[in-house]
Amino acid sequence: MKYLIDTHIFLWLIFEPGKLSKNIIDTLKNSSNQVCISSISFWEISLKFNLGKLELNGISPEELPDIAAQMDIEVLDVGSKTMASFHQLKKVDKHKDPFDRIVIGFCLLNDYILVSQDGKFSAYEELGLSTLTAPKIVR
């Protein structure tokens, strides 16, 4: 199966793996699964780091793509097709975060299961978004 991890899941894998459920850890470690992160997550991290809203414990944002590669997490470029299709993603008043909405659009367009603990993503299930949260996959 194809999984795209949300930004906070990636950061928790590095800095706070205890925050992740056994189900998520087992899924991400399963070698038959494709585990990816969107390039947009690195922009989000870099932006928050620059604004002083995120501490990376001595790691620079530039190091994170290499850390992802060391963890066998593939970095996927968002691409023009996803960006051009963004208008199809219906507005959900509770969820206006542009980073999350791009990740949602990418998952829908490319049939990825989104791994996140963000409860706001459930609003997109009616559009076909699949998520992996603790403790189960919601389809």
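Select Phe106 first: with a relative accessibility of 6%, this residue counts as buried, since buried means under 20% relative accessible area. The model on screen is a predicted one. Now add Tyr112, which is also buried, at a relative accessible area of 8%.

**Aromatic pairs**

Searching the whole structure turns up three aromatic pairs. One of them is formed by the rings of Phe10 and Phe42, so show both side chains: the ring centres are 5.7 Å apart and the planes meet at 80°, which makes the pair edge-to-face. An angle over 60 degrees is what counts as edge-to-face. Trace the backbone from each ring and you reach distant parts of the chain: Phe10 belongs to helix 1 (residues 7–15) and Phe42 to helix 3 (residues 39–50), 32 residues apart. Both Phe10 and Phe42 are buried.

Go back to Phe106 and Tyr112, which form an aromatic pair too. Here the centre-to-centre distance is 5.4 Å and the planes stand at 40°, a tilted arrangement.

**Helix 3**

Next, select helix 3 as a whole. The helix has 12 residues, and the distance from its first C-alpha to its last is 17 Å, close to the 16 Å expected at 1.5 Å a residue. Colour Ile40, Ser41, Phe42, Glu44 and Ile45, which are buried residues of this helix. What covers them? Display the surrounding elements: the cover of the buried residues in helix 3 includes strand 1 (2–5), helix 1, strand 2 (34–38), helix 4 (64–70), strand 3 (74–76) and helix 6 (98–110).

Now turn to the surface. Select Trp43, Leu47 and Leu51, which make a nonpolar surface patch of about 320 Å². A general point helps in reading helix positions: an α-helix has 3.6 residues a turn, so residues three or four places apart point the same way. Leu51 is found in the loop between helix 3 and helix 4. Is Leu51 buried or exposed? Its relative accessibility is 53%, so Leu51 counts as exposed; the cut-off for exposed is over 50%. Then pick Gly52, which follows helix 3 and has a positive phi, near 80°.

**Glu125**

For the last stop, move to the loop between strand 4 (113–115) and strand 5 (130–132), where Glu125 is found. Glu125 has a relative accessible area of 27%, and is therefore partly exposed. Draw a distance from the C-alpha of Glu125 to that of Lys29: these two residues are 96 apart along the chain, and their C-alpha atoms are separated by 25 Å.

Technical notes. Residues numbered from 1 in each chain as written. Predicted model: local features only at pLDDT ≥ 70, side-chain atom pairs only at ≥ 80, totals over all residues. Heavy atoms only, no water. Helix = DSSP H or I, 4+ residues; strand = E, 2+ residues; numbered from the N terminus. Buried < 20%, exposed > 50% of the residue type's maximum accessible area, 1.4 Å probe, protein only. Phe/Tyr/Trp six-rings, centres within 6.5 Å; stacked < 30°, edge-to-face > 60°. Expected span 1.5 Å × (residues − 1). Contact = heavy atoms within 4.5 Å. Patch = residues over 30% accessible without salt bridge, like charges linked within 9 Å, V, L, I, M, F, W, Y side chains within 5 Å. Areas by Shrake-Rupley, 256 points an atom, 1.4 Å probe, with all protein chains shown as cover. Salt bridge = Lys/Arg side-chain N within 4 Å of Asp/Glu carboxyl O.
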